[in-house]
Amino acid sequence: MALILLGVGATITSLGISLDQYGRWGARIFPLAGSLSLIVLGLIELRAGKARVTFERQHAGAIAALVLLSVLYVWSISAFGYLISTALAAPLAVWIFGVRNAVGLCAAAVLCPAVYHLVFFEMLGVFPPLGRWFDLLDVLEGY
């Protein structure tokens, strides 16, 4: 039931995201898809009748680390822009999930910002959040 209620709230919030300058859904697509997915998953769990939540203490450290990382990530985007923040946060996130391979961590640092930038800012036309102190996009767009 919690997933369904969360999904309904997220859907309402997603519909409040402005259309792009051409009247298309643009930035609204991914949050809306995720919100509707929460509703569907909640309905599946409700129908199955097995919606018991168990908390395993062994994961408490990883949960706390992800919460801290998400707060620092949002703050760093406002200070240093999207590209640098994502290049730092992506390998940390996959490390928290257990990836210890140096090649995988480096790939996350390069591929995540590049792919997300392509999808959101180039294909969907979402305006990238710029950093107050420094932003790599200022340097890259100058060339």
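The buried residues of α2 pack against α1, and the buried residues of α1 pack against α2 (29-48) in return. Keep in mind that this is a predicted model. Let's take the two helices one at a time and then move on to the rest of the chain.

**The α1/α2 pair**

Which residues of α2 are buried? They are Leu32, Ser35, Ile39 and Gly42. Looking down the axis of α2, these buried residues fall within an arc of 85°, so they line one face of the helix. That pattern is what helix geometry leads you to look for: an α-helix has 3.6 residues a turn, so residues three or four places apart point the same way.

On α1, the buried set is Ile4, Gly7, Thr11 and Ser14. Down the axis of α1, the buried residues fit within an arc of 90°, so here too they line one face of the helix. Flip to the other side of α1 and you'll find exposed residues: Ala2, Leu5, Leu6, Ile12 and Thr13.

Both helices have the length you'd hope for. Helix α1 covers residues 2-15, and its 14 residues should span 20 Å at 1.5 Å a residue; the end C-alpha atoms are 20 Å apart, which agrees. As for α2, its 20 residues reach 28 Å from first C-alpha to last, close to the 28 Å expected at 1.5 Å a residue. Just after α2 comes Gly49, with a positive phi of about 70°.

A few single residues help to place the two helices. Val8 lies in helix α1 and is partly exposed, because its relative accessible area is 37% and the partly exposed class lies between 20% and 50%. Val8 is 31 residues away from Ile39 in sequence, but the two C-alpha atoms are 6.8 Å apart in space. Ile39 is one of the buried residues of α2.

Leu36 is found in helix α2, and at 42% relative accessibility Leu36 counts as partly exposed. From Leu36 to Ser14 the C-alpha separation is 10.0 Å, with their positions 22 residues apart along the chain.

Then there's Thr13, in helix α1. Buried or exposed? Thr13 is exposed, with a relative accessible area of 57%; the cut-off for exposed is over 50%. The C-alpha atoms of Thr13 and Arg28 are 9.7 Å apart, and the two residues are 15 apart along the chain.

**Helix α4 and Thr86**

Further along sits helix α4 (residues 82-96), with 15 residues. From first C-alpha to last, α4 reaches 20 Å, close to the 21 Å expected at 1.5 Å a residue. The buried residues of α4 are Tyr82, Leu83, Ser85, Thr86, Ala89, Ala90 and Pro91. Just after α4, Gly98 takes a positive phi of about 110°.

Thr86, which lies in helix α4, is worth a look. At 3% relative accessibility, Thr86 counts as buried, since buried means under 20%. What does Thr86 touch, leaving out residues up to four places away in sequence? The list is Tyr73, Pro91, Cys112, Pro113 and Tyr116.

Here are the accessibility values quoted for residues in these helices:

| Residue | Helix | Relative accessible area |
|---|---|---|
| Val8 | α1 | 37%, partly exposed |
| Thr13 | α1 | 57%, exposed |
| Leu36 | α2 | 42%, partly exposed |
| Thr86 | α4 | 3%, buried |

**Rings**

How many aromatic pairs does a search of the whole structure find? One. Trp75 and Phe80 make up that pair, with an edge-to-face arrangement: 6.1 Å centre to centre and 80° between the planes. The call is edge-to-face because the angle is over 60 degrees. Trp75 is partly exposed at 41% relative accessible area, and Phe80 is partly exposed as well, at 28%.

There's also a charge over a ring: Arg100 lies over the face of Trp95, at 4.1 Å from the ring centre.

**The chain overall**

Zooming out, the chain has six helices and zero strands, so to speak α-α-α-α-α-α from the N terminus on. The chain has 143 residues, and buried ones make up 24% of them. Take the contacts between residues at least 6 apart in sequence: 62% of these join residues at least 24 apart. The accessible surface comes to about 10100 Å², and 72% of that belongs to carbon and sulfur atoms.

Note on methods. Residues numbered from 1 in each chain as written. Predicted model: local features only at pLDDT ≥ 70, side-chain atom pairs only at ≥ 80, totals over all residues. Heavy atoms only, no water. Helix = DSSP H or I, 4+ residues; strand = E, 2+ residues; numbered from the N terminus. Expected span 1.5 Å × (residues − 1). Buried < 20%, exposed > 50% of the residue type's maximum accessible area, 1.4 Å probe, protein only. Arc of directions from axis to C-beta. Contact = heavy atoms within 4.5 Å. Phe/Tyr/Trp six-rings, centres within 6.5 Å; stacked < 30°, edge-to-face > 60°. Lys NZ or Arg CZ within 6 Å of the ring centre and 35° of its normal. Areas by Shrake-Rupley, 256 points an atom, 1.4 Å probe, with all protein chains shown as cover.
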